[in-house]
Amino acid sequence: MAEQKQRRKLRKYTDEFKRQLVDLYHSGKRRCDICREYNIAHPLFDK
């Protein structure tokens, strides 16, 4: 039998968390560093 793909649990982010990421980005922190530190995907960060 073929292995079933394991689904990732959908994460929900609070508005406060999103603002924190935007503030970090505007303060000069690089996008890739923020994504790596908070373990989020680059396309998600763009949204």
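A pocket, as the term is used here, is an open set of grid points with protein on both sides within 12 Å along at least five of seven lines. In this predicted model, the second largest pocket has a volume of about 190 Å³, and the largest pocket holds about 310 Å³ of space.

**Overall architecture**

The secondary structure of the protein consists of 3 helices and 0 strands, and from the N terminus the elements follow the order α-α-α. Along its principal axes, the C-alpha trace extends over about 50 × 20 × 15 Å. Of the 47 residues of the protein, 13% are classed as buried.

Helix α1 covers residues 15-26, a run of 12 residues. At 1.5 Å a residue this helix should span 16 Å, and its end C-alpha atoms are indeed 16 Å apart, so the expected and computed values agree. Just after α1, Gly 28 adopts a positive phi of about 115°.

**The loops between the helices**

Lys 29 belongs to the loop between α1 and α2, the latter comprising residues 31-38. Its relative accessible area is 28%; because buried means under 20% and exposed over 50%, Lys 29 is partly exposed. Leaving aside residues up to four places away in sequence, Lys 29 touches Leu 24, Ile 34 and Glu 37. With Glu 37 there is also a polar contact: the two side chains are joined at 2.5 Å. Arg 19 lies 10 residues from Lys 29 along the chain, and the C-alpha atoms of this pair are separated by 14 Å.

The loop between α2 and α3 contains Asn 39. Phi of Asn 39 is near 55°, which is a positive value in a residue other than glycine. Asn 39 is also one of the residues that line the second largest pocket.

**The two pockets**

The composition of the two linings is set out below.

| Pocket | Volume | Nonpolar residues | Polar residues | Charged residues |
|---|---|---|---|---|
| Largest pocket | about 310 Å³ | 8 nonpolar | 1 polar | 4 charged |
| Second largest pocket | about 190 Å³ | 5 nonpolar | 1 polar | 3 charged |

The largest pocket is lined by 13 residues, and those nearest its centre are Leu 21, Leu 44, Phe 45, Asp 46 and Lys 47. Helix α1 provides the largest share of this lining, with 6 residues. Both α1 and α3, the latter comprising residues 42-46, supply at least two residues each to the lining of the largest pocket.

The lining of the second largest pocket is formed by Arg 8, Lys 9, Leu 10, Arg 11, Tyr 13, Asn 39, Ile 40, Ala 41 and Leu 44. Leu 44 therefore takes part in both linings, because a lining residue is one with an atom within 4 Å of a point of the pocket, and Leu 44 is listed for the largest pocket and for the second largest pocket.

How values were computed
Residues are numbered from 1 along each chain as its sequence is written. This is a predicted model: local features need pLDDT of at least 70, side-chain atom pairs count only at pLDDT 80 or more; totals for chains, interfaces and linings use all residues. Side-chain values use heavy atoms; hydrogens and water are left out. Helices (H or I, at least four residues) and strands (E, at least two) are DSSP runs, numbered from the N terminus. The expected span of a helix is 1.5 Å times one less than its number of residues. Buried means under 20% relative accessible area, exposed over 50%, partly exposed in between (1.4 Å probe, protein chains only). Contact means heavy atoms within 4.5 Å. A polar contact is a pair of N or O atoms within 3.5 Å; within protein, one must be able to donate a hydrogen and the other to accept it, and residues adjacent in sequence count only if both atoms are side-chain atoms. On a 1 Å grid over the protein atoms alone, a cavity is a set of points where a 1.4 Å probe fits but cannot get out, and a pocket is an open set with protein on both sides within 12 Å along at least five of seven lines; lining residues have an atom within 4 Å of a point. Grid points are joined across faces, edges and corners, and a volume is the space filled by probe spheres set on the points. Ala, Val, Leu, Ile, Met, Phe, Trp, Tyr, Cys and Pro count as nonpolar, Asp, Glu, Lys and Arg as charged, and the others, Gly among them, as polar.
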